[in-house]
Amino acid sequence: MSWTIDERPWDDPAGAALRRAQRAELDERYGCDDHEPGGAPVAAEIDVFLVATRDGEAIGCGALRRLDEHSVEVKRMFVVPASRGSGVATAILRALEDAAVRRGWTTVRLETGAAQPDAIRFYEREGYREIPLYGKYVGSPISRCFERVL
């Protein structure tokens, strides 16, 4: 399977649809809609937003939010269920890391939920190591945080 990954604005319709699908999946997984410590990101916070498409259909996305001069956070990493296992998630993550390097950021952090063992396995497999909860996630009983130095 082949796909393309393009940078798009945060309000891109295909990207917004992917974020809604992610939210619905997490609402179901957690049994509620209160599963995001610190609240959802907004356009003004997002520095990079990528959307993966195959045959014109949006199949995945991911974003970067700057934390400080050297660090950035992965947000809204999501791949539609039908495309999972195809390698597109790894391609999106690597494209986000490449975007970080081009902008001079050297550390990538992320938060995922304790009820998302598939995401935890993915990030560990991709070279991320677990770190203490940071920022908005400190004290969150459902958060797990990871980091990779580029």
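This passage describes strand E3 with its two pairing partners, and then a proline in a loop elsewhere in the chain.

The model is predicted, so that local features are reported where pLDDT is at least 70 and side-chain atom pairs count only at pLDDT 80 or more, while totals for chains, interfaces and linings use all residues. Residues are numbered from 1 along each chain as its sequence is written, and side-chain values use heavy atoms, with hydrogens and water left out.

Strand E3 spans residues 57–66, where strands (E, at least two residues) are DSSP runs numbered from the N terminus. Of its 10 residues, 8 are buried (under 20% relative accessible area, with a 1.4 Å probe and protein chains only), and E3 is therefore largely enclosed by the rest of the structure.

Strand E2 (residues 46–54) runs antiparallel to E3 and is joined to it by 8 bridges, two strands being taken to pair if DSSP finds at least two bridges between them. Within this pairing, Arg 54 has Glu 57 of E3 as its bridge partner. The two strands form a hairpin with 2 residues between them, and Asp 55, which lies in the turn, has a positive phi of about 55°.

E3 also pairs with strand E4 (residues 71–79), again in the antiparallel sense, over 6 bridges. In this pairing Leu 64 stands opposite Val 74 of E4, and a hairpin of 4 residues connects E3 to E4.

Pro 132 is located in the loop between strand E6 (129–131) and strand E7 (143–149). Pro 132 has a relative accessible area of 66% and is thus exposed (over 50%). Its C-alpha atom is separated by 15 Å from that of Thr 107, which is 25 residues away along the chain.
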